[in-house]
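Subject: A structure for you to explore

Hello,

Here is the structure I promised to pass on to you. Please open it beside this email, so that you can look up each residue as you read.

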Amino acid sequence: MQIQKPRGTYDLLPGEIELWQAFEKNVRRHFHVAHYTEIRTPIFEHTELFVRGVGETTDIVEKEMYNFVDRGNRSLTLRPEGTAGVVRAYVENKRYGKVDLDKLYYLGPMFRYERPQGGRTRQFYQYGCEVLGSNAPELDAEVVQLSYRILADFGLQHLQVELNSVGCSVCRPLHRDEMLALVLPRQEEFCSDCQRRMEKNPLRMFDCKHENCQRLLTELQVPSIAERLCAECAEHFATVQEHLTAMSVPYQLNGKLVRGLDYYTRTAWEVTTEGSSTLAGGGRYNGLIKELGGPDIPGIGFAGGMERVIQLAVEQQVYVPVSDSIDVYVAVADASASLPATELVAALRAEGIATERDFNGKSLKSQLKTADRLHAQWVLLLGEQEVAKGVVGMKSLASGEQMDVPADKVVATIINSLKKERASQ
RNA sequence: GUGAGCGUGGCGAAGUGGUUAACGCACCGGAUUGUGGUUCCGGCAUUCGUGGGUUCGAUUCCCAUCGCUCACCCCA
C-alpha cells in the first residue's frame, strides 16, 4: 500500500493554487492599506496557552486539539486558532510598551481534530487580524468592515454581515442567570444538546436547529443577550453600527449570534453567504490579554477560513487570470544543438523571459506540440543547420511564420517583439 | 464522537457470479527525409481501495479494514 496523506489534509496542486495566491495577495493588500503589519507566530505552542486562551469548556479544547509530548516531556499543541498565539507574542514581546495600538495580521495553517467535511479539514488555513490597545467602537467598525471588504473585493457575491453584541462581564452573567431561571424549570422539554448547552453555554441554545427548542425559547420569552446589554455595552454597540453604516457595510443584527470561543466580549460578528457556512468570524476580547498574563488591555480580531473562501469563489466562478503560459520554447532539433540551446535558454531567462525547452530528446514535431500546449509566443529552433549558419530559427506560433535570426541578435529580437506584443494588448 | 452513502486505468464513466473488464478525455508513438493546433492509425487496467471468507470460480455475495462524501455536533 502506498502512503496516503493524513485524513483531513489535502494537497494544493498547480491549477488550484493560483486562486489561493490571488486571494492571499488580496488579503495582504487590504491589510497593508489599512496599516496592519504581518506577524508570524509558531505553529505549535504550549498546550496551556490554548487551554487558558480559548477556554477549557470549548469544543476546541475538549476534543479537537492536536496535542503531543516532545522529547523534553513538554505538552505542546498544534495551534487550533490564531488569536491565542498572537496575544501571547504581544505580551511576551511587551508590544504594549512600544506601540499604543498594535494592528497585526496573519495568514497560515491551523489544526483541529474533526471529521472532515465540506469546508472543514484538519489542517486548514486562516487569515485574520488582531488589534490590541483600543476599546473604541470605531475600531470595531473598522475591523468588521475589513473582514467584509476583503471578501467582497475578491468578487464574492451575496455576502452578509451578521452582527451582535455578547455583552461584557457585567451584563452577561446577569443575562445568563435570567435565561437559566426561565429555561431550567422546563429543562426536560429541550433536546439533549440544549440540556448540555444549559450547563456549558446557555447562549448557544439560540442557534439550536430543533424547531421545538426554538419554540420553547419564544414561548418562555427568553431575551437575547442583545436585549440585556448594560448601558456602556449598549452605547458601544450603537456607535459601532453608526460607523458601519457610514462605511456602507451591509450588516444585519442577529441577537442569536453566538461565537464559540469563551473570550469574546461585546461586538461579535460573522460574514456569511446565504445558507452557507461562515466565511469569517470575529469579536472583541477585552479580558484575554490579562488572562494570558499581560496588562488589562482590550483587543479585537477576526479570522476567515481560506478553504471556504476558495470553495465559494469556485462556485461563484470568480475569475482569476491564470498565466500558465511561457514566452519562448526552445526546440532542439539535433543533439549537436544542445549546448547552444542551453546557452540560449539561460540568456533568455536572464532577461526575465519565461522560457522552456525539451529535455527528453523528443521529436521536433512533438516539441512543437508541447510549445503549442504551453501557449508559447515564440519557438526558437536550433538544429544542425542553424548552428552551422550561426542563426536561430524564430517561429511565431500565432502566425506560423518563421525566419532565421543571427544567433547573437535573437535575445534582443525576442525582447523587442514581446514588448510590441504587450504594448498592443 | 453519532448516523447514512460510496471506492473500476491520470481524469470521467459502463459492467457482469464464469475464458481476452466497454467507451470518452488526457497522454505517448506514427502518417517517407527537422516543424504545432484539425484528421486518420496504433499504444495505454495480469486488474476492479486493501485483507480475509463463501464458491468449482468473484471486480461483482459476506465480513473486516483503510479512504472519500454528506448530515449532526461544532466551527473559520
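Below is what was found in it, grouped by topic.

One thing to keep in mind from the start: this is a predicted model.

**The overall layout**

Let's begin with the domains. The domain assignment splits chain A into domain 1, made of residues 17-170 and 230-315, and domain 2, made of residues 328-418. Notice that domain 1 is written as two stretches of the chain. How far apart are the C-alpha centres of domain 1 and domain 2? They are separated by 51 Å.

**Salt bridges**

Next come the charged side chains. As a bit of background, side chains with opposite charges can pair when their charged atoms come close. In this model the count comes to 20 salt bridges.

A good one to find is the pair of Arg88 and Glu45, whose side chains meet with an N to O distance of 2.5 Å. This pair ties together distant parts of the chain, as Arg88 sits in helix α4 (residues 83-92) and Glu45 in strand β2 (residues 44-46), 43 residues away. Is Glu45 buried or exposed? With a relative accessibility of 7%, Glu45 counts as buried, because the cut-off for that word is under 20%.

Arg88 has another partner: its side chain also forms a salt bridge with Glu92, at 2.9 Å from N to O. Here both residues belong to helix α4 and are four residues apart, which is about one turn of the helix. Glu92 has a relative accessible area of 54% and is therefore exposed, since exposed means over 50%. So Arg88 pairs with a buried residue, Glu45, and with an exposed one, Glu92.

Another bridge joins Glu114 and Arg120, where the closest N and O atoms are 3.7 Å apart. Glu114 is buried at 15% relative accessibility, while Arg120 is partly exposed at 31%.

Finally for this topic, Arg28, Glu38 and Arg40 are linked in a network of salt bridges.

**A patch of positive charge**

Which residues gather in a patch of positive charge on the surface? They are Lys362, Lys365, Lys369 and Arg373. Lys362 is placed in the loop between strand β13 (355-357) and helix α13 (364-373). This lysine has a relative accessible area of 36% and so counts as partly exposed; a residue needs over 30% to join a patch, and Lys362 passes that cut-off.

**Two residues with positive phi**

If you enjoy backbone angles, have a look at His35 and Asn73. The phi angle of His35 is near 65°, a positive value in a residue other than glycine. His35 lies in the loop between helix α1 (17-33) and strand β1 (37-38), and it is exposed at 61% relative accessible area.

For Asn73, phi is near 70°, again a positive value in a residue that is not glycine. You will find Asn73 in the loop between β3 (66-69) and β4 (75-78). Asn73 is exposed as well, with 66% relative accessibility.

**Loops and a strand**

Now compare His35 with Tyr36. Tyr36 is also in the loop between α1 and β1, yet Tyr36 is buried, at 2% relative accessibility. Its C-alpha is 23 Å from that of Leu163, and the two are 127 residues apart in sequence.

Leu257 sits in the loop between β8 (251-253) and β9 (265-273). Leu257 is buried too, at 6% relative accessibility. Between the C-alpha atoms of Leu257 and Leu203 there are 8.6 Å, with 54 residues separating them along the chain.

Glu351 is in the loop between α12 (338-350) and β13. How exposed is Glu351? At 49% relative accessibility, Glu351 counts as partly exposed, because exposed means over 50%. The C-alpha atoms of Glu351 and Lys395 are 19 Å apart, with their positions 44 residues apart along the chain.

For a residue in a strand, try Gly301, which is part of β11 (residues 299-305). Gly301 is buried, at 3% relative accessibility. Gly301 and Thr9 are 292 residues apart in sequence and 26 Å apart from C-alpha to C-alpha.

Enjoy looking around!

Best wishes

Methods: Residues are numbered from 1 along each chain as its sequence is written. Chains are lettered from A and ligands numbered from 1 in the order in which they are written. This is a predicted model: local features need pLDDT of at least 70, side-chain atom pairs count only at pLDDT 80 or more; totals for chains, interfaces and linings use all residues. Side-chain values use heavy atoms; hydrogens and water are left out. Patches are made of residues with over 30% relative accessible area and no salt bridge: like charges are joined within 9 Å, nonpolar side chains (Val, Leu, Ile, Met, Phe, Trp, Tyr) within 5 Å. Accessible areas come from the Shrake-Rupley method with a 1.4 Å probe; for residues, only the protein chains shown count as cover. A salt bridge is a side-chain nitrogen of Lys or Arg within 4 Å of a carboxyl oxygen of Asp or Glu. Lys and Arg count as positive and Asp and Glu as negative; His and the chain ends are not counted. The place of a charge is taken as NZ of Lys, CZ of Arg, CG of Asp or CD of Glu. Buried means under 20% relative accessible area, exposed over 50%, partly exposed in between (1.4 Å probe, protein chains only). Domain bounds come from an automatic or database domain assignment.
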